[in-house]
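Trainee: I should like to examine one part of this model closely. Could you take me through a single strand and its pairing with its neighbours?

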Amino acid sequence: DDDSDTRTFWSRLDVVQETGSTNADLLARAASSDCDRHVLLAEFQGSGRGRHSRAWVSPPQAQIAVSALLTMPGMSLQDMGWLPLLTGVAVVDALRATAKVPAELKWPNDVLIDGRKVAGILAEVSATAPDPAVVVGIGLNVSLTRDELPVEHATSLVLEGAEVSDRDTLVRAVLRAIADRWRQWHDSNWDVTELAAAYRERCGTLGQRVRAELPGGRELIGIATDVDAEGRVVIAPDGQPGTVAVAAGDITHLR
Ligand code: BTN
């Protein structure tokens, strides 16, 4: 069945009551050889990490904080860059199918419902593992109330009227979706065509007017026209000919 598929893919699932950061914990494990496909879930994180060195804060019981370690012998850094995007596709699929909410992606891998952020993903590459290894961490707001939301523009599954908000069910759905996408990508010999198409289909950034804050403090405003084969968002800047492919940075959807 679906659950046994998930169990054969993931080699270990640990649940801890409290830790600093599940991403940090799995990165610390990455140097040992038998850590491939470990999953770590924490009921509470004291120092959860977000993208761009931000903190990820969430009340206990109301969220899911889970990380997974994937090693990819022989994979190029460029291909590894698709892993956070793959994870975003998987979270969107799991939420649509299980919670029945209209989740979509904001480039690169924020998960939004109706423009508000319900989940964030942080991928970190291990500097110590013998084989290329990535930890993908997912923070999902499950039952936060309006008062508990950490920032404006955030939401939770319960606030969005999700049909299912049982955390075990949601975690299983997310892990199964990651495993499914991973296998599909593996079986295509790491061809990104299908994955990129799935990503574009779920990406609410495409066609939007956006502001991109680029590393180094530069800013770009224009229409997001595509996500290219390297996972970069392609922007047609206002008042300029041509397009710019953005590999890293923060995007805001302008309305
Ligand atoms: C973002 O900034 O949107 C990414 C947030 C990622 C949070 C998750 S919670 C589980 C894992 N452990 C961490 O310390 N961060 C990620």
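Mentor: What follows is an account of strand 6 and its two pairings, and then of a helix contact elsewhere in the chain.

The model is a predicted one. Strand 6 spans residues 116–125 and is mostly covered, with 8 of its 10 residues buried. One pairing is with strand 5, residues 110–113; the two run antiparallel and are joined by 3 bridges. Within this pairing, Ile 113 has Arg 116 of strand 6 as its bridge partner. Strand 5 and strand 6 together form a hairpin, with 2 residues between them. In the turn of this hairpin, Asp 114 has a positive phi of about 50°.

The other pairing is with strand 7, residues 133–141, which also runs antiparallel to strand 6 and is joined to strand 6 by 7 bridges. Here Val 125 has Val 134 of strand 7 as its bridge partner.

As for the helices, helix 4 (residues 82–99) packs against helix 5 (residues 167–187) at an angle of about 135°, and their axes are 8 Å apart. Helix 4 is therefore oblique to helix 5. The crossing of helix 4 and helix 5 is right-handed. Among the residues that make the contact are Leu 86, Val 89, Ala 90 and Asp 93 of helix 4, and Leu 170, Ala 173, Arg 181 and Trp 185 of helix 5. By class, the residues of this contact between helix 4 and helix 5 comprise 14 nonpolar, 3 polar and 2 charged.

Notes:
Residues are numbered from 1 along each chain as its sequence is written. This is a predicted model: local features need pLDDT of at least 70, side-chain atom pairs count only at pLDDT 80 or more; totals for chains, interfaces and linings use all residues. Axes are lines fitted to C-alpha atoms, for helices over the stretch in contact, and angles run from 0 to 180 degrees between N-to-C directions. Helices (H or I, at least four residues) and strands (E, at least two) are DSSP runs, numbered from the N terminus. Angles under 35 degrees count as roughly parallel, over 145 as roughly antiparallel, 65 to 115 as roughly perpendicular and the rest as oblique. A crossing is left-handed if the near helix is turned anticlockwise from the far one by less than a right angle, and right-handed if clockwise. Two residues are in contact if their C-beta atoms, placed from the backbone, lie within 7 Å. Ala, Val, Leu, Ile, Met, Phe, Trp, Tyr, Cys and Pro count as nonpolar, Asp, Glu, Lys and Arg as charged, and the others, Gly among them, as polar. A residue is buried if 20 or more other C-beta atoms lie within 10 Å of its own, exposed if 12 or fewer, and partly exposed in between; C-beta atoms are placed from the backbone. Two strands pair if DSSP finds at least two bridges between them.
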